[in-house]
Amino acid sequence: MASWHGHRDDADIPEVVQGIWKEKFRPGSGDHSNVDACVLDADGKVVRTWDAMPMKKGGRPEPLSGGGLAAHWRTNLEAARKALGLGEAGEARPVSLPALPEGTHSGLRVFTRLDDPGMPAYFAPIVELVPMGADEWAPLARPAKKKTVDASGFLPWLSKMFPGGVMERTDPVTKRVYEVNGASGELTFEPAGAKFALLHGKVTLTDSGGGDFSYSGELRVVVEYKGDETIVKGVFEGKYPRRGPQGGFTFDITGVIESVSK
Amino acid sequence: MRHACLLAFLFALPAAAQNADAKKALDRFRELRPGDDDLAMYRLDWAPTLEEARKRASKEKRPVLFVVIHAKYGDMVTGHC
């Protein structure tokens with residue numbers, strides 16, 4: 001599976017996209033959304049294209065909830081399978097989360113979800129993996145006693161606590177997504193048993209878009225020290241402000257953090 | 001003896017409270033950690049570009065599902081559309 005995005009006046013539009021858009025924007029072609037899907041065979045030939053959103057008369061898409069969207073995709077994927085000469089779909093592939101890159105041995109995996117009831121797709125977690133070396137693990141070393149630490153020390157992985165699909169946090173000129181580049185807050189880091197420690201407190205995150213944008217939440221991370229291994233299990237529960245074409249709202253943002261190792 | 005027990009209890013109490021907070025955090029982690037049903041998007045075999053997808057499709061004799069977004073914010077790799 002692959003994706004592409006752009007405008008009709010962009011340079012270097014792939015030939016497949018040119019073909020889709022020639023039909024899509026043909027006068028009289030009817031109402032359409034801004035997302036299309038197509039299936040290509042192993043030789044690169046297009047066997048089926050469809051508008052990603054089922055459209056009602058008058059140019060408005062069908063509601064995202066209610067199963068209509070899933071049914072629309074099932075119908076088109078089944079037709080594509082038939083066009084490819086494929087039989088019934090087999091078992092689903094297993095879940096394959098982002099893995100540690102070659103040459104790295106451990107890291108933190110961050111799952112982030114935005115509970116925006118107007119955009120059900122945002123409930124699907126975005127998963128990021130942060131390889132961690134000695135410098136990144138050092139702030140999580142077992143505290144001998146209760147202490148206060150600054151949230152900025154954990155920016156390498158706190159910076160991944162962003163919700164996907166949030167259009168307004170993108171540079172309008174470069175089209176690049178703003179990066180979370182600031183973490184602040186006084187956190188408590190304290191022993192929690194013979195081999196455990198608890199890191200907790202309020203964290204405020206800011207991104208490269210600047211202005212007065214920020215979002216905050218409560219971070220709670222349990223660190224277990226098991227020989228040479230540091231095992232991390234944590235949660236971040238906060239509020240995320242959206243100010244976009246749909247208006248101004250605040251939604252729950254949830255992050256889950258876990259360690260991974262080879 | 002009673003004195004020693006009381007002292008032991010008093011020293012143990014803060015550690016127990018800390019453990020209770022840690023246990024609450026772990027319970028919440030287990031509640032919120034996404035399961036396979038939540039992570040269905042990660043069952044898909046993503047390629048970073050159409051070119052990469054077509055190379056793999058030709059080599060592995062597999063079709064490609066290609067999503068085209070007419071927008072300036074449509075980078076699905078970062079979860080935007």
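**Exercise 1. Find where Lys61(B) lies in chain B, and decide whether it is buried or exposed.**

Solution. Lys61(B) sits in the loop that connects helix 2 and strand 1 of chain B, where helices (H or I, at least four residues) and strands (E, at least two) are DSSP runs numbered from the N terminus. Next comes the accessibility, for which buried means under 20% relative accessible area, exposed over 50%, and partly exposed in between, with a 1.4 Å probe and protein chains only. Lys61(B) has 65% relative accessibility and therefore counts as exposed. Finally, the backbone of Lys61(B) has a positive phi of about 55°, although the residue is not a glycine. Most residues other than glycine have a negative phi.

This is a predicted model, in which local features need pLDDT of at least 70 and side-chain atom pairs count only at pLDDT 80 or more, while totals for chains, interfaces and linings use all residues. Residues are numbered from 1 along each chain as its sequence is written, chains are lettered from A and ligands numbered from 1 in the order in which they are written, and side-chain values use heavy atoms, with hydrogens and water left out.

**Exercise 2. Carry out the same kind of analysis for Asp12(A): in which loop is it found, and is it buried or exposed?**

Solution. Asp12(A) belongs to the loop between strand 1 and helix 1 (15–24) of chain A. Its relative accessible area is 75%, so Asp12(A) is exposed. The phi of Asp12(A) is near 60°, a positive value in a residue other than glycine.

**Exercise 3. Describe the interface between chain B and chain A, beginning with how many residues are in contact.**

Solution. Begin with contact, which means heavy atoms within 4.5 Å: 47 residues of chain B are in contact with 64 residues of chain A. Continue with the buried area, which is the accessible area (1.4 Å probe) that two parts lose on being put together, summed over both. Between chain B and chain A this area is about 5,400 Å², and carbon and sulfur atoms give 64% of it. On the side of chain B, the residues that lose the most area to chain A are Tyr42(B), Leu65(B) and His70(B), together 15% of what that side buries.

Then turn to the salt bridges, each a side-chain nitrogen of Lys or Arg within 4 Å of a carboxyl oxygen of Asp or Glu. There are three salt bridges between chain B and chain A, and the side chains of Asp45(B) and Arg93(A) meet in a salt bridge with an N to O distance of 3.7 Å.

**Exercise 4. Work out how strand 1 of chain B is placed against chain A, and which residues His70(B) touches.**

Solution. Two strands pair if DSSP finds at least two bridges between them. Strand 1 (residues 2–6) of chain A is joined to strand 1 of chain B by five bridges, and the two strands run parallel. Within this pairing, Trp4(A) has Val68(B) as its bridge partner. His70(B) is also found in strand 1 of chain B, and because its relative accessible area is 19%, His70(B) is buried. Leaving aside residues up to four places away in sequence, His70(B) touches Gly6(A), His7(A), Arg8(A), Trp21(A), Phe25(A) and Asn34(A).
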